[in-house]
Every structure is written in structure tokens, then in C-alpha cells.
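Good morning, and thank you for making time for this presentation. I would like to speak about the empty spaces in one protein structure, and about the residues that line them.

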Amino acid sequence: MDYANVIAMLAVVWFHVPSTVEAPIRHLEYISVNIPFFLLSGYTFALAHKEQLGVRPFLMQLGRSLLVPTCFFYAFFYLLWLLVGRQMAGDTEMWYVPLAEFAQGQFNVVLATYWFIICLCVMNLIYYALSKSGARLLTALVCGCLPMLLLLVPVPGEFRIREACAFIPFFAIGATCSHWHESQSAYIEILLCLLGLAAYCLVQERLALGSAYQWNEILSGLALCCVVCLLAKFLCRFSILDGFAGTLRYGALVLLATQNYIIGVVKGVADISNLVYKPLVIVLVYAITYPLILLIKNKMPFILGKKQ
């Protein structure tokens with residue numbers, strides 16, 4: 001899981017480094033990169049048996065592991081925006097705009113990948129509420145059909161509910177895979193999720209409605225997830241990398257929170273639109289982020305909602 005998480009995170013960083021040559025397939029990259037992440041998130045959710053927790057312990061764990069780090073890093077970059085970023089942007093926004101966006105789960109002024117974390121929180125809540133019924137087949141069916149809401153009814157964009165509805169079938173597939181050996185109905189659950197996705201793609205194609213993704217993007221994301229898992233299994237042979245992978249997974253939220261700002265600074269001083277420069281920028285992101293993760297891990301683990 002450490003290696004799979006690290007490889008998927010690398011794909012996210014790659015996506016966020018701009019490049020002119022990838023503009024025509026930008027949306028395909030967006031879907032392909034996020035599908036493995038939500039599959040792995042669902043796998044981890046079920047592997048930790050979170051659906052078996054009581055409501056209060058579940059909410060406390062969710063807050064500690066996701067919301068506390070999000071609030072900390074957002075507050076840090078909000079202050080940085082007040083001191084530096086606002087002036088660089090020409091003082092076009094009032095001081096309270098980022099706070100209002102944060103309260104609504106929207107992030108436009110203080111840029112970062114917080115949308116992913118908020119979306120993941122909403123996804124956790126939806127899946128937890130459904131799985132508490134104990135009916136796995138019903139949970140899989142509902143999760144598979146949730147993207148249909150994006151086509152048939154107006155779904156609010158606050159707190160990334162639209163994104164959560166769009167990607168939760170993959171979260172459910174990941175959760176199902178974690179109990180594959182203990183459930184004879186696992187393959188039926190996955191089939192129900194895929195049927196929901198198929199219905200979604202069919203309806204949006206027939207009615208020419210707006211779509212979050214197409215079949216080719218779904219297949220690309222699933223294929224990328226297979227590549228991630230195969231690479232992770234291969235890297236497990238090299239135990240010398242275990243500490244590095246474990247540290248990066250421990251500080252995954254640090255990388256998510258800071259990567260856009262590092263990329264933004266580099267972009268401000270140099271032209272990084274050429275594909276050749278992407279690996280160099282990614283190396284720089286990790287060179288800055290890894291020591292920061294070590295510092296937080298050793299001195300301030302509470303920032304990540306952890307005791308040790």
C-alpha cells in the first residue's frame with residue numbers, strides 16, 4: 001500500500017506540472033490520475049474496517065486524519081496569501097474571500113489540491129452511511145449509480161459533492177477488492193458498480209448531456225491503477241526503499257498541500273511548459289517536500305492529526 005500510494009501520488013504531481021503538449025488530453029489525464037487514487041482510498045477504507053466503527057469514533061477519525069491537516073495547511077497558506085500572494089495578484093480579492101471559499105468547500109483564490117481531500121471526506125461519509133446498512137450489494141448498486149445524479153438532477157458543487165458522486169463508484173470498487181477473499185459476492189458488487197457507470201455513460205451519450213468522464217477515460221484510469229499496483233508489487237522486492245515509501249505515504253497530505261505552491265514559484269521564475277522540464281520540477285517538489293515531511297513526522301506529528 002505504501003508503494004502504491006507513492007506511485008499514485010507521483011502521477012498527481014506529474015499532472016499538476018503544466019505542459020503545453022498535453023493540453024488536448026488534459027481531461028483524460030485528470031480522470032486517469034484520480035481513479036487509482038479513489039480506488040486505493042476505498043481499499044484502505046475497508047481494509048481498516050471503518051464501516052464497523054460507531055458514528056462518533058468514525059467522525060473523530062475522519063476529522064483527525066483529513067480535516068485537521070487540511071485546516072492547518074489552509075490556514076498557513078491563507079496567511080501567506082495575505083502577506084505575499086494577494087499583493088502579487090494585484091489586490092483583486094478581499095481578505096475574507098478565501099475564508100468564505102473554505103467554508104463552502106471551494107478553493108479558487110488560495111490554490112491547492114484541497115478539493116481532493118474534501119471530496120474524499122464526503123466520499124467517506126457517503127460510503128459509511130450506505131455500508132452501515134450491512135447490505136453490500138445495495139451499497140455497490142447505489143455507489144455505481146450515483147454519477148447518474150450529475151445528469152438527472154442539479155447536484156450542488158459545495159463541499160465537492162459533485163466530484164464525490166462522480167468518483168464514488170471507484171471508491172466502492174476499491175472497498176470491495178479489500179474483502180475479496182471473505183465475500184463470495186465481491187464480483188457481483190464490482191459488476192453492479194460497473195453497470196452503474198455503464199448506465200451513466202449510455203445516458204449522457206444518448207441525451208448529449210454534460211459528462212464528468214467517458215468510457216475511454218474510465219478504462220484508462222482502471223488500466224493506470226493496474227500499472228500502479230504492478231509497479232508497487234515490483235518495488236516491494238527492494239526493501240531498501242521501504243523507509244522512503246513509508247515516509248512519503250505518512251506525509252501524503254503535506255505533498256498534496258504544498259506541491260502547487262512549489263510548482264507555482266518555479267513557474268513564476270522560469271518557463272516550465274516544455275515536457276522536458278516536468279521531471280526536473282517533480283524532483284524539485286520532492287527535494288523540498290521530503291525534508292518537510294521528516295520534520296513534521298519527528299517534531300510536529302499533530303499537524304497531520306497523528307500522535308507518532
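Let me begin with the largest cavity, to whose lining helix 1, helix 11 and helix 12 each contribute at least two residues. Please keep in mind throughout that this is a predicted model. Among those helices, helix 1 gives the most to the cavity lining, namely three residues. The residues around the cavity are Asn5, Val6, Met9, Leu248, Arg249, Ala252, Leu255 and Tyr286. By class, six of them are nonpolar, one is polar and one is charged. The volume of this cavity is about 40 Å³. With a threshold of 30 Å³ or more, the count is one cavity.

I turn now to the open spaces, starting with the largest pocket. Its volume is about 830 Å³. The lining comprises 30 residues, and those closest to the centre of the pocket are Thr44, Lys50, Ser65, Leu66 and Arg249. Arg249 deserves a second mention, as it also appears in the lining of the largest cavity.

Which helices supply at least two residues each to the lining of this largest pocket? They are helix 1, spanning 2-16, helix 2, spanning 26-47, and helix 3, spanning 55-88, together with helix 5 at 114-131, helix 11 at 242-250 and helix 12 at 252-269. Helix 2 makes the greatest contribution to this lining, with six residues. As for the chemical character of the lining, 17 residues are nonpolar, eight are polar and five are charged.

The second largest pocket comes next, and its volume is about 660 Å³. Its lining consists of 20 residues, and nearest its centre lie Leu111, Asn260, Tyr261, Gly264 and Val265. Two or more lining residues come from each of helix 3 and helix 12. Where does the largest share of this lining come from? Helix 12 provides it, with seven residues. In terms of class, the lining of the second largest pocket holds 13 nonpolar, five polar and two charged residues.

To close, I would draw your attention to helix 12. This helix supplies at least two residues to the lining of the largest cavity and at least two to that of the largest pocket, and it gives the largest share of the lining of the second largest pocket. Thank you for your attention.

Note on methods: Residues numbered from 1 in each chain as written. Predicted model: local features only at pLDDT ≥ 70, side-chain atom pairs only at ≥ 80, totals over all residues. Heavy atoms only, no water. 1 Å grid on protein atoms, 1.4 Å probe; cavity = no way out; pocket = protein on both sides within 12 Å on 5 of 7 lines; lining within 4 Å. Points joined across faces, edges and corners; volume = space filled by probe spheres on them. Helix = DSSP H or I, 4+ residues; strand = E, 2+ residues; numbered from the N terminus. Nonpolar A, V, L, I, M, F, W, Y, C, P; charged D, E, K, R; others polar.
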